[in-house]
Amino acid sequence: MKSTRGFTVIELVIAIVILGVASTVFFVQKNNVEVAARDEHRKTAINAMYYSLEEVYFTKNKSYPRTINAEKLPSVDPELFKDPNGVKIGEGTSDYRYEPTNCDGEACKGYTLRTILENEDDYVKKNR
């Protein structure tokens with residue numbers, strides 16, 4: 001009898017199963033890395049707004065604004081006012097929220113900045 005070289009059906013099935021498991025693990029980890037990157041972007045944006053409100057806006061005006069945007073906080077990169085989905089702060093479906101407190105006209109005594117994170121609880125910053 002002549003001996004043939006090649007793979008058996010069992011060997012092929014095992015190789016396919018291993019590749020399937022490896023690709024599943026890869027895509028799950030890839031998704032986790034992408035979610036973590038979006039959450040970090042959200043935290044960076046909230047921190048930039050917070051420090052601009054505290055160090056620039058409040059120092060100059062002795063109050064906080066009723067709303068925030070790139071014109072009121074020029075020290076913040078305008079792109080940071082958009083969440084990872086491209087929705088600007090203040091719009092209904094934005095992941096970012098600015099909630100002013102104790103307002104008299106356009107001047108407010110406090111605020112809360114928050115963002116909705118995918119992997120953690122909401123990230124919240126309040127005035128000092």
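Start by selecting C103 and C108: the link between them is right-handed, with 100° about the S-S bond. You're looking at a predicted model, by the way. The two cysteines form a disulfide, and their sulfur atoms sit 2.0 Å apart. Don't go hunting for others, because a disulfide needs two cysteine sulfur atoms within 2.5 Å, and a search of the whole structure finds one.

Now turn on the surface. Which of the two cysteines is buried, C103 or C108? C108 is buried, with a relative accessible area of 2%. C103 counts as partly exposed, at 26% relative accessibility.

Next stop: the inside. Select M49, I68, I89, Y98 and L113, the residues with the most contacts inside the largest nonpolar core, which has 18 residues. Then color α1 (9-61), β2 (96-104) and β3 (107-115), since each of them supplies at least two residues of this core. Which of these gives the largest share? That's α1, with six residues.

Stay here and click on I89. Skip its neighbours within four places in sequence, and you'll find I89 in contact with M49, I68, F81, S94, Y96, R97, Y98 and L113.

Last, head over to K126, in strand β4 (residues 123-126). Is K126 buried or exposed? It's exposed, with a relative accessible area of 52%. Even so, K126 has company: leaving out residues up to four places away in sequence, K126 touches Y50, Y111 and T112. To finish, pick the C-alpha atoms of K126 and V56 and draw a distance: these residues are 70 residues apart along the chain, and the two atoms are separated by 16 Å.

Methods. Residues numbered from 1 in each chain as written. Predicted model: local features only at pLDDT ≥ 70, side-chain atom pairs only at ≥ 80, totals over all residues. Heavy atoms only, no water. Core = buried A, V, L, I, M, F, W, Y, C linked by side-chain atoms within 4.5 Å. Buried < 20%, exposed > 50% of the residue type's maximum accessible area, 1.4 Å probe, protein only. Helix = DSSP H or I, 4+ residues; strand = E, 2+ residues; numbered from the N terminus. Contact = heavy atoms within 4.5 Å.
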